[in-house]
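Subject: The structure you asked about

Hi there,

Here is the structure I promised to send over. Have a look at it first, and then read on for what I found in it.

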Amino acid sequence: RASANEVETTTGDPTEEASWVRYGVFPRGRADLSGFTPGALVWVRVRTMGLKGVMGAWSDPAQLRVG
């Protein structure tokens, strides 16, 4: 079984841990994000879910504007 990536998003303060919501788990390094209001600013972070349940560290948050 290959590793996957866990994605969390927030439209709130990215420095507040409680504001993050699990968006999903995606294999093969690609995640399609949908369901956000056009024009909204969304923060995204990712971590690797490795073999045997080993979890990587969260990436630095990246801010995206929904198109």
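Reading along the sequence, you will meet the pattern β-β-β-β in the protein chain. That comes to four strands and zero helices. Please keep in mind as you read that this is a predicted model.

**The chain as a whole**

The protein chain has 67 residues, and 21% of them count as buried. Along the principal axes, its C-alpha atoms fill a box of roughly 35 × 25 × 15 Å. The accessible surface comes to about 4700 Å², and carbon and sulfur atoms make up 53% of that. If you take the contacts with a separation of 6 or more, 50% of them join residues 24 or more positions apart. As for charge, the chain has 8 positive and 7 negative charges, and the mean positions of the two groups are 12 Å apart.

**How the sheet is put together**

The strands form an open sheet of four, in the order β2-β1-β3-β4, and the pairing is antiparallel. At the edges are β2 and β4 (62-65), each of which pairs on one side only. From one strand to the next, the twist averages 35 degrees. As a general reminder, the strands of a sheet pair through backbone hydrogen bonds, in either a parallel or an antiparallel way.

You can follow the pairings one at a time:

- β1 runs antiparallel to strand β2 (residues 21-27), with six bridges between them. Two of the partnerships to look for are Asn5 with Phe26 of β2 and Glu8 with Arg22 of β2.
- β1 is also antiparallel to strand β3 (residues 41-49), this time over seven bridges. Here Ala4 has Met49 of β3 as its bridge partner, while Glu6 has Arg47 of β3.
- β3 and β4 are paired in the antiparallel sense as well, over four bridges. In this pair, Val44 stands opposite Ala62 of β4.

**Strand β1, from both sides**

How much of strand β1 is buried? Seven of its seven residues (residues 4-10) are, so β1 is largely enclosed by the rest of the structure. Ala4, Glu6, Glu8 and Thr10 point one way from the strand, and Asn5, Val7 and Thr9 point the other way; all of these are buried. You may like to colour the two sets separately when you open the model, then pick out Glu6 and Glu8, which belong to the set that includes Ala4.

**Three residues to click on**

Let me start with Ala4, which has its place in strand β1. Its relative accessible area is 16%, which is under the 20% limit, so Ala4 counts as buried. Setting aside residues up to four places away in sequence, Ala4 touches Val25, Phe26 and Pro27, and also Arg47, Thr48 and Met49. Met49 is the residue already mentioned as the bridge partner of Ala4 in β3. Ala18, on the other hand, is 14 residues from Ala4 in sequence, and the two are 23 Å apart in space, C-alpha to C-alpha.

Next comes Gln63, in strand β4. Is Gln63 buried or partly exposed? With a relative accessibility of 43%, Gln63 counts as partly exposed. Leaving out neighbours within four places in sequence, Gln63 is in contact with Leu41, Val42 and Trp43. Thr11 is 52 residues away from Gln63 along the chain, and their C-alpha atoms are separated by 9.3 Å.

Last is Ala40, which you will find in the loop between β2 and β3. Ala40 has a relative accessible area of 22%; buried means under 20%, so Ala40 counts as partly exposed. Apart from residues up to four places away in sequence, Ala40 touches Leu64, Arg65 and Val66. Which distance separates the C-alpha atoms of Ala40 and Gly67? They are 27 residues apart along the chain, and the separation is 8.2 Å.

**In short**

If you want a single picture to keep, take the open sheet in the order β2-β1-β3-β4, with β1 largely enclosed by the rest of the structure and β2 and β4 as the edge strands.

Happy browsing, and do write back with any questions.

Best wishes

Conventions: Residues numbered from 1 in each chain as written. Predicted model: local features only at pLDDT ≥ 70, side-chain atom pairs only at ≥ 80, totals over all residues. Heavy atoms only, no water. Buried < 20%, exposed > 50% of the residue type's maximum accessible area, 1.4 Å probe, protein only. Contact = heavy atoms within 4.5 Å. Areas by Shrake-Rupley, 256 points an atom, 1.4 Å probe, with all protein chains shown as cover. Lys, Arg positive; Asp, Glu negative; His and termini not counted. Charge placed at Lys NZ, Arg CZ, Asp CG, Glu CD. Pairing = 2+ DSSP bridges. Axes fitted to C-alpha atoms, helices over the stretch in contact; angles between N-to-C directions.
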